[in-house]
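User: I've got this one open at my desk and would like a close look at a single part, the salt bridges around one buried lysine, and how that part sits in the rest of the fold. Could you walk me through it?

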Amino acid sequence: MKVRSLFACSIVLSAIGGIANATTYTLPESSNDSVITQFHDDVPLTRVEQNETLPDVARRFLLGQTEIVRLNPDVDRWQVKKDEIVRLSNRRILPDTPHEGITLNIAEYRMYYYSPTQKGVAPQVMSYAHGIGRQDWKTPLGKTSIVRKVKDPAWHPPESIRREHAANGDPLPAVVQPGPHNPLGAYMLHLAVPGGYLIHGTDIDKIYGIGMQITHGCVRMYPEDIEALYNSVPVGTPVYMVKQPIKVGWLDNTLYIEAHPDLEGEETTLEQKLDVALKLIQKADSQNMPEFDRGVLKQALTVLDGNPVALYQRLPQKALPVSVPTGHGSKGGYYHGV
């Protein structure tokens, strides 16, 4: 496909010559802010240039299939017509984990890699779409690390997977050699997790499953994403594997909430989601409960499209004067408005 044009609020802004570094974000200047932005437009859109599918669009912009489908509920997943407008992701709230190494938030099918800071370069984080384990082969949670890296790996299917494939009439050999049909792809990162869990690429047969709950527990990435990650992370890199379907974070004194659907086989009620969200909001505001629009919160927890929405805005904290005249007090803090 050729160059795509990005729009904001249905108005053409510019044509971008490709999406180089599409998953690279500059971290906010304030260490208290945790909302990252890819495009400066609030609602980045793309106009497709030929009949295709939403997975095709997702593949081009390195988004996951589940993610782009949620953002475009009124677009036919398998029949996107020429000149049809498709909404893309823009803002993301960083998961609540240390800003080091790799974080896998399986609830949103996304990975965050905090690259080492370089002198004279603003701190950055790379975010990648990935597939996760299906209901009967869940991806594990917890802190681990990368213990080994392998290029062009051969795949030795476990006996359990071979039995499953045989039962489905798709027998597997004892060893799948490197190549375009190897499910591990061209790069593989071993995690220090019992059972042999991996972060790896994909074969050409399953490339449109990125961003879905379809693996046997491992984390599967687009070929160019796993190559970039493989060449960036050393052995010993910490990996935080979390499940945070609801995230809350600040950007420029505005508080945002981002909510994702339950994973397959899980079900939480709206009341349970509200309880989690309210606790996160209170935690984000130094254990205060700001006066925000409860309708916006309920809508975000109902739509569950993964798009951060603004809940509440505060006035910037003013620095106290150097001296205070006798008889007069001075109060710092935030104004909880909107």
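User: Before we get to that, over which residues at the start does pLDDT stay under 50, and how many contacts beyond four places in sequence does the model have for them?

Analyst: That would be residues 1–21, where pLDDT stays under 50 and the model has 46 contacts beyond four places in sequence. Keep in mind that this is a predicted model. Residues 319–338 also stay under 50, with 24 such contacts. Across the protein chain the average pLDDT is 82, and 79% of the residues score at least 70.

Now to your lysine, Lys-247. At 3% relative accessibility, Lys-247 counts as buried, because the cut-off for buried is under 20%. Its side chain meets that of Glu-108 in a salt bridge, at 2.6 Å from N to O. Glu-108 is buried too. Glu-108 lies in the loop between S8 and S9, while Lys-247 belongs to strand S17 (residues 246–251), so this pair ties together parts that are 139 residues apart in sequence.

Lys-247 has another partner: its side chain also forms a salt bridge with Glu-258, at 3.1 Å from N to O. This pair links distant parts of the chain as well, with Lys-247 in strand S17 and Glu-258 in strand S18 (residues 254–259), 11 residues apart. Glu-258 is buried, with a relative accessible area of 1%.

For a contrast, take Lys-151 and Asp-152, whose side chains meet in a salt bridge of 3.1 Å, N to O. Here Lys-151 counts as partly exposed at 46% relative accessibility, and Asp-152 is partly exposed too, at 40%. There is also a network of salt bridges that links Glu-67, Arg-92 and Arg-110. In total, the count comes to 12 salt bridges.

What about the strands on either side of the Glu-108 loop? Strand S8 (101–105) and strand S9 (110–114) each supply at least two residues of the largest nonpolar core, which has 21 residues. Strands S10 (124–133), S12 (187–191), S15 (219–221) and S16 (238–242), along with helix H4 (223–230), each give at least two residues as well. Ile-102, Leu-104, Met-111, Leu-189, Ile-199 and Leu-229 have the most contacts inside this core. If you click on Met-111, you'll find that the residues it touches include Ile-102, Leu-104, Met-126, Tyr-128, Ile-199, Val-219, Met-221 and Leu-229. A second, separate core of 16 residues includes Val-48, Leu-54, Ile-68 and Ile-207.

Leu-229 takes us to helix H4, where Asp-225, Ile-226, Leu-229 and Tyr-230 are buried. Looking down the axis of H4, the buried residues fall within an arc of 130 degrees, so they line one face of the helix.

One last stop is Arg-314, in the segment after strand S19 (309–313). Arg-314 is buried, with a relative accessible area of 10%. Its side chain makes a polar contact of 3.0 Å with that of Asn-253. Arg-314 and Leu-255 are 59 residues apart in sequence, yet their C-alpha atoms are 8.3 Å apart in space.

Definitions and conventions: Residues numbered from 1 in each chain as written. Predicted model: local features only at pLDDT ≥ 70, side-chain atom pairs only at ≥ 80, totals over all residues. Heavy atoms only, no water. Core = buried A, V, L, I, M, F, W, Y, C linked by side-chain atoms within 4.5 Å. Buried < 20%, exposed > 50% of the residue type's maximum accessible area, 1.4 Å probe, protein only. Helix = DSSP H or I, 4+ residues; strand = E, 2+ residues; numbered from the N terminus. Contact = heavy atoms within 4.5 Å. Salt bridge = Lys/Arg side-chain N within 4 Å of Asp/Glu carboxyl O. Arc of directions from axis to C-beta. Polar contact = N/O pair within 3.5 Å; in protein donor to acceptor, adjacent residues only side chain to side chain. pLDDT = per-residue confidence, 0-100.
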